[in-house]
Amino acid sequence: MIELEDLTYTYPNASEPSLKNINLSLEKGKFVALLGSTGAGKTTLSLCLNGLIPQLLEGKLSGRVRIAGKDVGKTAVQSLAKLLGLVLQDPETQIIGRSVEEDTAFGPRNFLVPAKEIEQRIDQSLATVRLTGYNQRLTEELSGGEKQRLAIAGVLAMEPEILVLDEPTSELDPLGRSEIYATLTALREKNNLTILLVDHSTEELMDKVDEVIVLNHGELVWRGVPSDLLRNLPLLRQWGIKPLPVSEIGWEFYEKGWISLAEIPLDIPAAEGLIRELLPLYGNRPGIPLEGVKYLEKSQHEVQQHGENLRSKREPRLSEKVLAVEIKDLTYRYNSGSPALRGINLTIDSGEFLALIGQNGAGKTTLAKHFNGLLQPTSGEVIIEGMNTLKVDTSELAKTVGYVFQNPDHQIFSATVEKELEFGLKNAGYRGSEMKKRVAEVLEYTGLEPYRSVHPFSLGKGERQMIAVASILVLKPKLLIIDEPTTGSDWTGVQTMMALIEKLHSAGTTIIMISHDMDLVAQYAKRVIVMKDGEISLDGTPQEIFSNEEVLRESFLAAPQLCKLSLQLKDVLGPQIFVEASEFLGMFESGEQRGC
Amino acid sequence: MLEYLPGDTLIHRLDVRTKMLGFIGFIIISFLFQDPLFQLGILLSAGLLALWIKIPLRKIWGMMIPLIPIIISIILITGFTFAPERFERVSSQAILFYALPGERIGATVGGFLMGTTFILRLISMMIVSSVLTLTTSLEDFTQFFQKMKVPAEVSMMLTMAIRFIPTLDKKRRQILEAQKARGTKFKEKGIIGSIGSYLPIMIPLFINSIMMANSLSMAMLNRGYGLTRTWTTMRQITFNSRDYWTMAFIGLGLGLAFYIRFGLQLGVL
């Protein structure tokens with residue numbers, strides 16, 4: 001169905017090609033995942049498939065692209081759309097109609113499909129993406145997940161034979177993500193569509209796709225069944241793709257020579273079986289459950305190895321007793337609507353690392369916006385570092401509370417990175433050498449030094465995200481709120497960002513992180529708050545939260561893979577919940593000798 | 001801009017073309033008469049139409065209140081500027097008083113009456129056009145454009161503009177919040193200061209709009225826009241018996257109005 005021959009493409013004004021000599025052919029009915037880090041050329045490749053490159057975007061293109069026998073270079077994008085449906089990243093700009101029905105009809109109407117048939121197609125495609133009955137709803141009122149599914153429906157209504165989706169789940173919560181994947185699986189089974197899915201995450205994809213293709217720096221570097229790729233950790237790390245957490249445990253076992261490559265587990269049951277099998281052979285104290293005391297011993301050992309990494313995961317710091325945040329009976333309602341926050345009581349100590357989790361619309365961001373006075377309580381009060389947000393202006397609070405938003409493009413407006421960082425300082429009244437000094441410090445700290453006098457919009461999304469963080473850091477906030485710091489970043493980007501946040505945390509900054517990425521939450525946060533329908537439904541350590549399956553299910557969240565594995569191994573581990581692969585490895589004798 | 005108000009009255013069900021004809025008829029009648037009494041009658045019938053479709057009164061008030069200064073100034077201006085020679089009736093030519101000594105700038109009775117007419121006309125126009133937009137969906141309007149042979153691009157542009165107003169407004173709010181969180185103050189002194197403090201909003205909004213427009217153009221091509229110069233009409237608009245009856249009624253009303261105005265010479269000043 002898809003044939004690429006020696007495809008090379010260079011964007012206008014770019015010195016390096018974004019795609020280099022790609023050769024690829026895909027058969028009908030296959031479900032293929034296209035992986036790779038940011039900037040590897042995944043989006044560029046999908047744009048080549050339906051002719052937007054070179055017909056809309058110019059640049060240097062060589063080689064050939066054929067879709068179902070048609071030469072893409074010589075067929076208009078619009079007529080290719082009948083064969084190949086492309087769903088782009090941002091659903092917001094793909095929704096053209098005001099009502100759901102109007103939007104779904106847009107495609108077929110352009111192809112002059114008779115009205116009767118269009119009506120049928122609307123109902124059919126809405127049913128496929130599970131939006132039946134939404135026909136008359138206004139598109140602007142849909143949730144993020146619904147918008148994303150509508151974007152897919154709009155393409156399906158044209159009845160293409162091939163469906164290409166460019167990171168359709170990057171901005172969704174876990175529930176929204178699983179709904180998209182369920183939709184795709186159903187499509188493939190019922191309609192026998194050929195699907196090419198561009199994605200970052202691997203965990204949900206593994207058992208759904210037939211084949212995986214990996215791009216790295218514009219080159220096609222790997223093609224094969226997913227399990228082969230996911231067991232090859234060095235390759236994944238090299239290409240910036242996140243490995244499955246359980247496979248990290250397995251890889252260590254493999255390196256020790258205990259198991260073969262094919263035995264590296266890729267799901268929880270396999271990992272459970274493997275650990276049970278190996279524990280009597282190589283375990284620290286075979287058969288004896290590990291007790292809490294031993295956990296502490298081990299954790300001290302880990303502290304030496306990983307520095308700050310695991311410190312105070314169990315015990316919050318007691319030395320500094322200043323309250324960073326104190327919230328009393330906070331209720332908030334948007335104009336005349338039902339309350340978005342109900343009776344929130346919360347105190348956060350200085351120096352905590354707290355994660356806010358919950359479904360989209362649970363009230364996480366609404367709560368966070370109270371911390372710097374962007375929103376003010378309808379009733380109750382919010383006191384930040386001794387300042388009541390009702391009495392202190394946001395611009396004043398900004399000196400103490402840093403808020404990094406999800407989309408860096410909403411704040412960048414200066415011509416150079418340096419000027420962008422100076423903006424917040426000027427607002428706070430800094431001038432001259434003090435300002436220069438602080439900017440220089442933060443540029444160094446965030447690794448943005450090489451881009452000092454570059455235009456921010458000429459940089460990639462990951463760097464722009466970093467600029468947004470840096471522009472807040474110059475103010476040296478005591479409290480840092482980060483809303484989805486890793487949306488749309490690849491694994492390498494996520495790690496860079498998290499390392500920075502971790503560094504700030506150990507320097508004493510109070511961190512409040514909003515995230516859908518449960519692996520990150522489990523790994524970094526010391527305290528987790530689960531929100532549901534504007535209320536706090538659970539507050540505790542990651543271990544406590546992720547072992548409470550009931551509350552998680554009610555909040556439409558899922559525990560990270562390793563926590564689930566710990567729960568499965570309850571009889572061995574007792575009440576402990578492990579959140580990192582290294583903790584599991586600690587159970588084994590050779591694990592103790594690592595680093596020696 | 002007032003949005004579509006769902007409902008199932010006769011006006012809602014009428015064909016968009018009938019409604020347009022009625023709208024034009026209404027305007028013509030309104031411009032035939034100069035006498036405020038006649039205008040009051042016209043305003044009353046417009047009000048009845050509005051009541052019929054259960055117009056949200058608060059919205060109408062919201063539109064009226066900013067107009068009050070304009071209303072007062074119109075009456076004053078017409079009162080003083082319409083010279084007596086412009087009126088047919090003797091009673092209208094009467095001069096009430098002079099603004100300046102030496103019989104200069106006289107205020108005529110007719111002028112004030114004319115001002116009142118202008119105001120009543122303005123208000124009935126507003127009501128009638130609201131009735132039209134509130135009872136007609138955007139889809140119907142695009143159909144109307146199509147029937148009137150307006151190019152498809154024009155109606156497409158109109159639909160898209162309306163679709164993206166809420167999206168851009170959301171962007172604006174997000175940008176405003178992001179900049180506030182960095183300590184931007186929006187109360188700088190002087191014109192330069194206030195322009196300067198809005199740059200952090202305007203520049204990202206501008207850049208984001210361009211980026212959105214870019215991906216929108218891709219999305220439209222993806223969905224086959226521009227393959228043919230036309231597109232499928234989803235709902236054929238057709239005339240019903242109620243449309244013919246309404247049109248006959250509009251015709252009758254117009255005829256009557258012309259007879260009163262030119263046959264009986266009524267309604268002039």
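Modeller: Strands (DSSP runs of E, at least two residues) and helices (runs of H or I, at least four) are numbered from the N terminus, and two strands pair if DSSP finds at least two bridges between them. This is a predicted model, with pLDDT of at least 70 needed for local features and 80 or more for side-chain atom pairs, while totals for chains, interfaces and linings use all residues. Residues count from 1 along each chain as written, chains are lettered from A and ligands numbered from 1 in written order, and side-chain values use heavy atoms, without hydrogens or water.

Biologist: Happy to start with the sheet! Which strands are at its edges?

Modeller: In chain A, 4 strands make an open, antiparallel sheet, ordered β2-β1-β4-β5. An edge strand here pairs on one side only, and in chain A that describes β2 (19-26) and β5 (70-71).

Biologist: Which residue of β5(A) is the bridge partner of A:Arg66?

Modeller: Strand β4 of chain A covers residues 60-67 and runs antiparallel to β5(A), with 2 bridges joining them. For A:Arg66, the bridge partner in β5(A) is A:Asp71.

Biologist: Now the two chains. What area is buried between chain A and chain B?

Modeller: Contact (heavy atoms within 4.5 Å) links 63 residues of chain A with 50 of chain B. Buried area is the accessible area, taken with a 1.4 Å probe, that two parts lose on being put together, summed over both. Carbon and sulfur atoms give 60% of the total between chain A and chain B, which is about 5,000 Å².

Biologist: Which three residues supply more of the area that chain A buries against chain B than any other three?

Modeller: Chain A has 63 residues in contact with chain B. A share of 16% of the area chain A buries there comes from a trio that outdoes any other three: A:Thr93, A:Arg109 and A:His410.

Biologist: And inside the protein, which element gives the largest share of the lining of the second largest cavity?

Modeller: A cavity is a set of points on a 1 Å grid over the protein atoms alone where a 1.4 Å probe fits but cannot get out, and lining residues have an atom within 4 Å of a point. The lining of the second largest cavity includes A:Ala33, A:Leu35, A:Met206 and A:Pro226. Both β3 (31-35) and α8 (226-231) of chain A supply at least two lining residues. The largest share, 3 residues, is from α8(A).

How values were computed: 1 Å grid on protein atoms, 1.4 Å probe; cavity = no way out; pocket = protein on both sides within 12 Å on 5 of 7 lines; lining within 4 Å.
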